[in-house]
Amino acid sequence: MFDDVQVISRGSNVADIQNKVLRNTYALLGLSMVPTIIGAFLGLQMNFSFMAQHPFMFAIGFFVVMFGMFQLIASNQNSSVGVWLLLAMTFVFGLLLGPILQVALHLQNGAEIVGLAAAGTGITFLSLAGIASSPARDFSGLGKFLFIGLILVLVASLANMFFHFDPAHLMISGISVLIFSGYILYDVNQIVRGGQTNYVMATLAIYLDIYNLFVNLLSILMSLMGNDRD
């Protein structure tokens with residue numbers, strides 16, 4: 001299904017390889033949505049009481065497990081094992097959508113909010129990916145600033161688990177939307193400019209951008225539109 005193009009070899013047409021990497025990335029990205037949706041459906045049926053009672057411990061455990069999975073995918077990025085590990089990871093991420101979807105769908109307009117978040121994510125991705133797909137544009141300079149912003153958001157999110165300050169939560173979600181929108185520009189542009197030549201790692205990066213964009217958009221919409229519960 002996917003072309004085996006991870007490394008640009010001598011004599012290769014660089015533009016052709018970049019196009020193949022981008023095509024394979026989008027194909028694998030589309031495929032990754034299948035286990036995500038299955039995982040999300042199963043997550044809606046699960047009990048996440050431990051997550052609610054011990055959010056900080058769950059967050060630390062989540063980061064440890066996920067970074068372990070990222071390392072496994074990176075170690076197998078040049079083989080089909082990397083593809084299967086990536087799909088397994090997207091299934092887990094789908095499961096972890098369970099808590100926020102459970103809350104959202106218990107709102108009177110929950111289905112509308114989820115639909116708006118999904119539509120907003122799709123429109124944002126398509127628009128930004130289109131902008132970033134021009135090799136003439138260079139967004140590589142965003143990388144350092146986005147990484148610093150991401151670290152600050154992670155620290156602020158962990159701190160807010162203790163303080164439960166709702167305005168801070170909304171502000172963190174808003175900043176996160178900007179950061180992951182910037183990462184879409186950066187990650188897609190890395191492919192078209194030859195900075196990323198492995199479609200497994202490219203898919204991992206863009207998947208995380210889209211996932212986090214959706215979660216934070218959903219969180220914002222729930223705060224602004226979801227006051228009435230069933």
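**A walk through an all-helix chain**

The accessible surface of the protein chain in this predicted model comes to about 12,200 Å², and carbon and sulfur atoms account for 68% of that surface. Turning from the surface to what lies under cover, we find that buried residues make up 43% of the 230 residues in the protein chain. Charged side chains can be placed in this picture as well: there are 7 positive and 10 negative ones, and the centres of the two sets lie 14 Å apart.

The next step is to ask how the chain is built. It has nine helices and zero strands, and anyone who reads along the sequence will meet the pattern α-α-α-α-α-α-α-α-α. The radius of gyration of the protein chain is 18 Å, close to the 17 Å that the globule rule gives for 230 residues, so the chain is as compact as a globular protein of that length. Along its principal axes, the C-alpha trace spans about 60 × 35 × 30 Å. The contacts add a further view of the fold, for among those with a separation of 6 or more, 83% are made by residues 24 or more positions apart.

With this outline in mind, we can follow single residues, beginning in helix α1, which covers residues 14–44 and holds Q18. Is Q18 buried or exposed? Its relative accessible area is 15%, and because buried means under 20%, Q18 belongs to the buried residues. Leaving aside neighbours within four places in sequence, Q18 is in contact with I191, V192, R193 and G194. Q18 can also be compared with S133, which stands 115 residues away along the chain, while the C-alpha atoms of the two are separated by 11 Å.

Helix α1 also contains G30, which has a relative accessibility of 41% and therefore counts as partly exposed, a class that lies between the 20% and 50% limits. Although G30 and T203 are 173 residues apart along the chain, their C-alpha atoms are separated by 9.5 Å.

Two of the residues that touch Q18, I191 and V192, lead us to helix α8, which runs over residues 166–192. This helix has 27 residues and reaches 39 Å from its first C-alpha to its last, close to the 39 Å expected at 1.5 Å a residue. Just after α8 comes G194, which takes a positive phi of about 85°, and G194 is also one of the residues in contact with Q18.

Further along the sequence from α1, helix α4 spans residues 80–95 and includes T90. How accessible is T90? Its relative accessibility is 0%, so T90 counts as buried. Not counting residues up to four places away in sequence, T90 touches S32, P35, T36 and Y207.

Two further residues show an intermediate degree of accessibility. S127 is found in helix α6, which covers residues 110–132, and at 41% relative accessibility S127 counts as partly exposed. S127 and L185 are 58 residues apart in sequence, and the distance between them in space, C-alpha to C-alpha, is 9.6 Å.

The other residue is F147 in helix α7, a helix that extends over residues 142–163. F147 has a relative accessible area of 48% and is partly exposed, because the exposed class begins over 50%. From F147 one can look across to N76, which is 71 residues away along the chain, and find that the C-alpha atoms of the two are separated by 24 Å.

Conventions. Residues numbered from 1 in each chain as written. Predicted model: local features only at pLDDT ≥ 70, side-chain atom pairs only at ≥ 80, totals over all residues. Heavy atoms only, no water. Helix = DSSP H or I, 4+ residues; strand = E, 2+ residues; numbered from the N terminus. Rg over C-alpha atoms; globule rule 2.2 N^0.38 Å. Buried < 20%, exposed > 50% of the residue type's maximum accessible area, 1.4 Å probe, protein only. Contact = heavy atoms within 4.5 Å. Areas by Shrake-Rupley, 256 points an atom, 1.4 Å probe, with all protein chains shown as cover. Lys, Arg positive; Asp, Glu negative; His and termini not counted. Charge placed at Lys NZ, Arg CZ, Asp CG, Glu CD. Expected span 1.5 Å × (residues − 1).
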